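Here are my notes, set out as numbered points for a reader who is new to looking at protein structures. Please keep the sequence and the structure open beside them.

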Amino acid sequence: MGAARAESSRVVEAGPLVVGLAGVEQFVRRAGRQAVAETRRRGHQATAVVRDPAAHGDPTDVRVVAGDVTGAGSVEYAAAGHNTAISAAARLLHRVVPRPATGLAKAGVHRLVAVGLASILPGASGAPLTDEPGYPNEYRPFFLLRTCDLDWAYVAPAGDSDHAGTPTGRYRLAEDGDPAGRLTYADFAIALLDEIEAPRHHSMAVGVREAW
């Protein structure tokens, strides 16, 4: 099963995005920044929501606002005028998903695409990777609670990140997790924005891995 970058002729109706960069983990922080870059590359307006804007610099052409994803009121305020959200705060989303989901819904946001890790994808045995022998304990909390009422998708690399690799502009979807897989942040961001522009996964997790 494969997928590629959206063609420039595609009719885009996703509208502006709220991009949460509150993740403290290296992967979600870098993935969030690449998601911001990809939204702008495709011509979307983007709002980056962070706890401390001064600590994140000022992404070019992006509105940066202070916000706390653990508070429904803060999320509602930051999300006003947007209809789609990308969450790059995986550990916080796992803990307090009802609050940001409530704030997004009150602001009129109907779609949430959450950045995560491969922990809940099935491994070689058919069980989630979190249950495979040797899976790092620190990755176990990365999953989206299924109590979210929004139209959501949980998108994660099927394996690990390729920190120094060259982006290909392509990716493929994966039903299973593969710890040996490597995917660049830029290619992962393409998958995120494709899921925003043309939603294919609803109330489910989907893996993304490097193209053939």
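Which residues in helix 3 are buried? The third point below gives the answer, after some remarks on the chain as a whole.

1. Please bear in mind throughout that this is a predicted model. The protein chain has 212 residues, of which 52% count as buried, and its secondary structure consists of six helices and 11 strands. Its accessible surface comes to about 9,700 Å², and carbon and sulfur atoms make up 51% of that area.

2. It is worth asking how far apart in sequence the touching residues are. Among contacts in the protein chain with a separation of 6 or more, 71% are between residues 24 or more positions apart. One pair shows how the sequence and the space can be read together: I190 and T39 are separated by 151 residues in sequence, and yet their C-alpha atoms are 9.0 Å apart. I190 belongs to helix 6, which covers residues 185-197, and I190 counts as buried because its relative accessibility is 5%, where the cut-off for buried is under 20%.

3. To return to the opening question, the buried residues in helix 3 include V75, A78 and A79. When one looks down the axis of helix 3, its buried residues fall within an arc of 95°, and therefore they line one face of the helix. After helix 3 comes G81, which has a positive phi, near 90°.

4. H82 sits in the loop between helix 3 (72-79) and strand 5 (84-87). Although it lies in a loop, H82 is buried, with a relative accessible area of 10%. The side chain of H82 is joined to the side chain of T47 by a polar contact of 2.8 Å.

5. Strand 6 deserves a slow look, since five of its five residues are buried. In a regular strand, side chains alternate between the two faces of the sheet. In strand 6 both faces are covered, with R111, V113 and V115 buried on one side and L112 and A114 buried on the other. Strand 6 runs parallel to strand 5, to which four bridges join it, and it also runs parallel to strand 7, with five bridges between them. L112 can serve as a landmark here, as it stands opposite A85 and also opposite W152 in strand 7.

6. The largest nonpolar core has 20 residues, and those with the most contacts inside it are I86, V115, V155, F188, L192 and V208. At least two residues of this core come from each of helix 1 (26-41), strand 6 (111-115), strand 7 (151-157), strand 9 (170-174), helix 6 and strand 11 (204-209). Helix 6 gives the most, with seven residues. Another core, of 14 residues, lies apart from it and has V75, A79, L112 and A156 among its members.

7. My last point concerns E195, which is also found in helix 6. Is E195 buried or exposed? With a relative accessible area of 4%, E195 is buried. Its side chain makes a polar contact of 2.9 Å with the side chain of H201. Leaving aside residues up to four places away in sequence, E195 touches R111, V113, A153, V155, R200 and H201, and of these, R111 and V113 are buried on one side of strand 6.

Conventions:
Residues numbered from 1 in each chain as written. Predicted model: local features only at pLDDT ≥ 70, side-chain atom pairs only at ≥ 80, totals over all residues. Heavy atoms only, no water. Buried < 20%, exposed > 50% of the residue type's maximum accessible area, 1.4 Å probe, protein only. Contact = heavy atoms within 4.5 Å. Areas by Shrake-Rupley, 256 points an atom, 1.4 Å probe, with all protein chains shown as cover. Polar contact = N/O pair within 3.5 Å; in protein donor to acceptor, adjacent residues only side chain to side chain. Core = buried A, V, L, I, M, F, W, Y, C linked by side-chain atoms within 4.5 Å. Arc of directions from axis to C-beta. Pairing = 2+ DSSP bridges.
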